[in-house]
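Visitor: Hey, got a minute to go through a model with me? I'd like to talk about the ligand site.
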Amino acid sequence: MKVEGRPTRTIWLDDDGWSVGILDQTKLPFRLERISLKTLEDAARAIADMEVRGAPLIGVTAAYGVALAMRTDASDPALKEVLRVLLATRPTAVNLRWALEDMAARLEPLAPGERMAAAYARAAAIADEDVAQNEAIGRHGLPLIEAARQRKGAAPVNVLTHCNAGWLATVDWGTALAPIYMAHDAGIPVHVWVDETRPRNQGAGLTAWELGQHGVPYTVIVDNAGGHLMQQGEVDLCIVGTDRTTGGGDVCNKIGTYLKALAAFDNGVPFYVALPGTTIDWRMEEGVGHIPIEERDAAEVATVTGSNPKGEPATVRLLPEGGRVKNVAFDVTPARLVTGLITERGIAKPSRVGLEALYPEHRAPREKTG
Ligand code: MRU
């Protein structure tokens, strides 16, 4: 995607050839600041404190975190500890586990002296694969927007999205936003309803910012507005991302996604989820009660951070002193509320059978009958 008019990725190798550059997403949309990650601790902090966030980007950052760690100690015990530290940074996005297991499988058989170069090479390859997968998600999702356009004539197609599942959540393109960017680039009039996504405001701060950078028209709405807009016929389709989708098609995503899916179901609005195969947890069938749901600091709910009239960051308190808070970061939308899963291999029905048809390598061996 373009930032200040220039094609940019969200993670890169710095000019020294070994430190890892990221955009500090905690500063957006007010400041565009780059950070250089130089150690395992830097990478772990970047993920835990959400300087990087979004399931695919968390996975890529973790892979580079392994590479950074291998610079100082590539022994067997050190590798084991690195994987443990990174896996503990955030519990819900399954791309983190996927990337770390992938790195472990490639590095463990190697001699310690070979591990650093192999880790950098694999981290770069995972980043490139993410870009290719998101581009393919965009191609598979584009016909949904084209079809809505056919139905509507000249009026813009209105897509509702929740949280940020765009370029900033990945290495490039995004998942849910990839079809939207492609439609916009193809000249289809598309307008995005952006849920603000309390408490961290990934919609208002990040999705709005990146859509604006690319010139896609959008309107930010409060998290509770979507149902009303759907009743008024102002939403043609919903597209959201996911942090973990089970092999059975249940979708875990940012808190509030489930309520949007219920409203979409009640109003006959198609509800699509965009994801790369690395976000599928093949070991899990049902999401509700099984996917670990991250609970974050109460301060994220008790306060809100923005920019004051001087353009300086400012945090203000919203709650009465001592007010109790529960800050659950994700929820699970059951497969029955999902119209389809837009993957890099095509659109799957949200079920084990639907997903296995696109990913036959994950088909569980069936017992022979008769
Ligand atoms: O807590 P975050 O910002 O890392 O969560 C990200 C999301 O939940 C996004 O909505 C996204 O869909 C998943 S990543 C493409």
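Visitor: Which domains does the shell around the ligand draw at least three residues from?
Guide: Domain 1 (2–129) and domain 2 (141–362) each give at least three; the bounds come from an automatic or database domain assignment. Mind that this is a predicted model, where local features need pLDDT of at least 70, side-chain atom pairs count only at pLDDT 80 or more, and totals for chains, interfaces and linings use all residues. Residues are numbered from 1 along each chain as its sequence is written, and side-chain values use heavy atoms, leaving out hydrogens and water.

Visitor: OK, how many residues surround the ligand?
Guide: 19, counting a residue if one of its heavy atoms lies within 4 Å. The closest are R53, R90, D243, N253 and K254.

Visitor: Which polar contacts are there for R53 and N253?
Guide: By polar contact I mean a pair of N or O atoms within 3.5 Å. A polar side-chain atom of R53 sits 2.9 Å from a ligand oxygen, and one of N253 is 2.8 Å from a ligand oxygen. The protein buries 100% of the 410 Å² that the ligand exposes when taken alone (Shrake-Rupley, 1.4 Å probe).

Visitor: Switching to the backbone, which peptide bond involving P29 is cis?
Guide: The bond joining L28 and P29, with omega about 5 degrees. The R198 to P199 bond is cis too, with omega near 10 degrees.

Visitor: And what's phi for M50?
Guide: Near 65 degrees, a positive value in a residue other than glycine. Most residues other than glycine have a negative phi, and most peptide bonds are trans.

Terms used: Polar contact = N/O pair within 3.5 Å; in protein donor to acceptor, adjacent residues only side chain to side chain.
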